Amino acid sequence: MKRQNQSSVVEFILLGFSNFPELQEQLFGVFLVVYLGTLMGNAIIIVIISLEQSLHVPMYLFLQNLSVVDVSFSAVIMPEMLVVLSTEKTSISFVSCFAQMYFILFFGGTECFLLGAMAYDRFAAICHPLSYPMIMNKRVFMKLVMFSWVSGIMVATVQTTWVFSFPFCGPNEINHISCETPAVLELACADTFLFEIYAFTGTILIVMVPFVLILLSYIRILFAILKMPSATGRQKAFSTCASHLTSVTLFYGTANMTYIQPKSGYSPEAKKVMSLAYSLLTPLLNPLIYSLRNSEMKRALMKLWRKKVDSHAF
């Protein structure tokens, strides 16, 4: 292990899935496909919403921001994981680990608040359709988006700076797929009790509060749906709500289990699976759940495709 003045760790070793050497190649193939699918699905959403003027409304602009977050979230974790799986080089420098943790917290925190803002947008649109244009005007939309991104920056800055203020002088093997806070914190050569209290409180505020507000919003939405006279309309709305809640529960549930107790009784393998759920699976599924099943998105995609075909024809 490299040391600085014989006391400070200057690099970490990411163990990843080294306990399963026979699965390294298969895991590399699966994660590469997932990563490419995530990039493609979210890139399509970003481009379609950017180019199609009719989609420049809060619902789809929130989706565009979510896709930017998902692409960025995956890009922070996946390339390094693919390197670990494909080569013998599993080390990550102290500075790179700091940066990875910062951006994981930044994009993860931003996604928490964006999902909450999106639920509020749907609540306003379904439960108060007549006053929706006033409730979700351009100023309110911009405030919600800015609040989500700035909150992510604040969470990442405070937590990452605090974690890396601890001395790291002992083992440097991170038994995880990335430099996530709980895994790195286990290597600190200091009493981290105060930080764990902060992390618990922060998780309640950042993860659980938006999650509870989302659930309350969807409960109100479901009551509004039940009052709809059209059976077809109710079925479509129920399907949309169920899909959204599935994505939200997957992201919030696994993130909550990972961060609410940094030294919980979960095995390292279980923590890795939970991390994969919100860092890989959710960004992959969000384009399918939120957008590509949407009829307006499909029409916009076909419209842009026809324009491209026509331009090539001439």
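Select I13 first: I13 stands opposite E173 in β5. Strands here are DSSP runs of E with at least two residues, helices are runs of H or I with at least four, and both are numbered from the N terminus. This is a predicted model, in which local features need pLDDT of at least 70, side-chain atom pairs count only at pLDDT 80 or more, and totals for chains, interfaces and linings use all residues. Residues are numbered from 1 along each chain as its sequence is written, and side-chain values use heavy atoms, with hydrogens and water left out.

**The sheet**

Widen the selection to β3, residues 11-14. β3 and β5 pair in the parallel sense over two bridges. Two strands count as paired if DSSP finds at least two bridges between them.

Now turn to β4. Three bridges join β3 to β4, and these two strands run antiparallel. Select E11 and S93 together: E11 stands opposite S93 in β4.

Show the three strands at once. They form an open sheet in the order β4-β3-β5, with mixed pairing. The edge strands are β4 (91-93) and β5 (173-174), each pairing on one side only.

Next, display the side chains of β3. E11 and I13 point one way, F12 and L14 the other way, and all are buried. Buried means under 20% relative accessible area, exposed means over 50%, and partly exposed is in between (1.4 Å probe, protein chains only). In a regular strand the side chains alternate between the two faces of the sheet.

**Across the sheet: α3**

Select residues 94-127, helix α3. α3 lies across β3, β4 and β5, and runs at about 85° to β4. Axes are lines fitted to C-alpha atoms, for helices over the stretch in contact, and angles run from 0 to 180 degrees between N-to-C directions.

**S178**

Go to the loop between β5 and α6 (181-185), where S178 is placed. Is S178 buried or exposed? S178 counts as buried, because its relative accessibility is 0%. Leaving aside neighbours within four places in sequence, S178 is in contact with L14, I77, Q100 and I104. Contact means heavy atoms within 4.5 Å.

**Helix α1**

Select residues 24-51. This is α1, with 28 residues. From its first C-alpha to its last, α1 reaches 40 Å, close to the 40 Å expected at 1.5 Å a residue. The expected span is 1.5 Å times one less than the number of residues.

Colour the buried positions of α1; among them are Q24, L27, F31, V34, Y35 and T38. Further along, G41, N42, I45, I48 and I49 are also buried. An α-helix has 3.6 residues a turn, so residues three or four places apart point the same way.

Keep T38 shown and add A75, in helix α2 (residues 58-86). A75 and T38 are 37 residues apart along the chain, and their C-alpha atoms are separated by 9.7 Å. A75 is partly exposed, with a relative accessible area of 36%.

**Annotated spans**

UniProt, in an unreviewed entry, places "transmembrane region" at residues 27-49, 61-79, 99-120, 140-158, 197-225, 237-255 and 275-292. UniProt positions follow the numbering used here, feature names are shortened, and annotations may be inferred rather than shown by experiment.

Select 27-49: the span is 100% helix and 0% strand, with end C-alpha atoms 33 Å apart. Then select 61-79: again 100% helix and 0% strand, with end C-alpha atoms 27 Å apart.

**F251 and Q159**

Move to F251 in helix α8 (residues 231-259). F251 is buried, with a relative accessible area of 1%. Beyond neighbours within four places in sequence, F251 is in contact with F73, G108, E111, C112, L115, Y278 and T282. Pick out L115: F251 and L115 are 136 residues apart in sequence, yet 9.8 Å apart in space, C-alpha to C-alpha.

Then find Q159, in helix α5 (residues 138-163). Q159 is buried, with a relative accessible area of 8%. Outside neighbours within four places in sequence, Q159 is in contact with L105, T181, F195, Y198 and Y259.

**Zoom out**

Show the whole protein: ten helices and five strands. Of its 314 residues, 48% count as buried.
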